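Colleague: I would like to learn how to read the backbone and the fold of a model such as this one, step by step. Could we start with a single residue and work outwards?

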Amino acid sequence: MAKSGKGPKGKKITLSVAKNCIKITFDGRKRLDLSKMGITNFPKCILRLNDIDELDLSRNMIKKIPDSISKFQNLRWLDLHSNYIDKLPESIGQMTSLLYLNVSNNRLTTNGLPVELNQLKNIRTVNLGLNHLDSVPTTLGALKELHEVGLHDNLLTTIPTSIFKLPKLKKLNTQRNPFPKGEESDMFIDSIKRLDNLYLVEEKDLCGPCLRKCQQAREKLNRIKNMAPATPRKAIFSNLVSPNSMAKESQEDWR
């Protein structure tokens with residue numbers, strides 16, 4: 001008979017099972033794929049496979065990531081999405097080879113993100129979407145190599161300017177957050193929406209015809225801006241008490 005008061009036992013991962021889950025990616029990287037295996041506890045046996053380049057523990061039931069995860073010093077790609085994680089270990093800052101980190105769809109709060117994240121100087125993609133963040137960790141502003149940031153489906157009401165100023169940022173997803181309403185906030189949200197699909201490229205990366213096409217498009221946009229008419233003046237209704245006074249008097253006829 002099963003003991004009461006405990007959560008699901010989950011599948012136990014042995015070193016032998018883990019070794020059989022190692023795959024070689026198309027670019028020759030070693031990926032340990034333990035996704036969708038019903039794992040409830042981080043399998044510490046995999047720490048003996050610390051020469052892997054990529055680790056996928058997504059879509060399990062893991063609640064805690066141990067400090068010992070920092071033993072994966074060669075890890076470039078870490079996918080922990082769709083688990084029950086509410087806190088990341090401080091030691092994650094020691095994984096300086098990381099280029100990709102996905103911890104979306106967990107139970108993370110802002111307090112559950114360690115300051116040590118700012119040590120991931122090479123990180124290019126961070127996905128923190130579908131969590132319980134009520135503010136953006138300031139550590140993200142220190143990650144100058146970031147290309148993509150996912151902050152969608154959280155509890156955010158503002159985005160710090162340090163995020164927008166990231167020099168290599170190409171995509172920022174902030175959809176479905178409770179941003180405040182009002183004219184100023186509408187402009188703020190609109191700027192975020194534009195950035196959601198904004199991809200930046202340097203001139204040196206464009207071929208000649210593409211560069212000329214971009215320059216022509218910019219010149220056309222500037223011409224349109226210069227031709228834009230001035231804001232029309234408000235009409236003056238000198239003979240009416242209010243612009244809609246006649247409409248009010250004859251509204252019964254319209255019905």
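Colleague: Is Arg176 buried or exposed, and how does one decide?

Modeller: The decision rests on relative accessible area, where buried means under 20% and exposed means over 50%. In this predicted model, Arg176 has a relative accessible area of 55% and therefore counts as exposed. Arg176 is located in the loop that runs between β8 and α3 (183-196).

Colleague: What is the phi of Arg176, and how should I read its sign?

Modeller: As a general idea, most residues other than glycine have a negative phi. Arg176, although not a glycine, has a positive phi of about 60°.

Colleague: Which loop holds Asp153, and what is the phi of that residue?

Modeller: Asp153 belongs to the loop between β7 and α2 (161-164), and its phi, near 55°, is a positive value in a residue other than glycine. With a relative accessibility of 22%, Asp153 counts as partly exposed, because that class lies between the 20% and 50% limits.

Colleague: Moving from the loops to the strands, in what order do the eight strands lie in the sheet?

Modeller: A sheet is read by following which strand pairs with which. Here the eight strands form an open sheet, ordered β1-β2-β3-β4-β5-β6-β7-β8, with mixed pairing. Its edge strands are β1 (22-24) and β8 (171-173), each of which pairs on one side only, and from one strand to the next the twist averages 10°.

Colleague: In which sense do β6 and β7 pair, and over how many bridges?

Modeller: Strand β6 (residues 125-127) pairs with strand β7 (residues 148-150) in the parallel sense, over three bridges. To find the register in the structure, look at Thr125, which stands opposite Glu148 in β7.

Colleague: How many helices and strands does the protein chain have, and what pattern do they follow along the sequence?

Modeller: The protein chain has six helices and eight strands, and read along the sequence these give the pattern α-β-β-β-β-β-β-β-α-β-α-α-α-α.

Colleague: Finally, what share of the residues in the protein chain is buried, and what share of the accessible surface belongs to carbon and sulfur atoms?

Modeller: Of the 255 residues in the protein chain, 37% are buried, while the accessible surface comes to about 16700 Å², with 51% of it belonging to carbon and sulfur atoms. As for contacts between residues at least 6 apart in sequence, 36% join residues at least 24 apart.

Notes:
Residues are numbered from 1 along each chain as its sequence is written. This is a predicted model: local features need pLDDT of at least 70, side-chain atom pairs count only at pLDDT 80 or more; totals for chains, interfaces and linings use all residues. Side-chain values use heavy atoms; hydrogens and water are left out. Two strands pair if DSSP finds at least two bridges between them. Helices (H or I, at least four residues) and strands (E, at least two) are DSSP runs, numbered from the N terminus. Axes are lines fitted to C-alpha atoms, for helices over the stretch in contact, and angles run from 0 to 180 degrees between N-to-C directions. Buried means under 20% relative accessible area, exposed over 50%, partly exposed in between (1.4 Å probe, protein chains only). Contact means heavy atoms within 4.5 Å. Accessible areas come from the Shrake-Rupley method with a 1.4 Å probe; for residues, only the protein chains shown count as cover.
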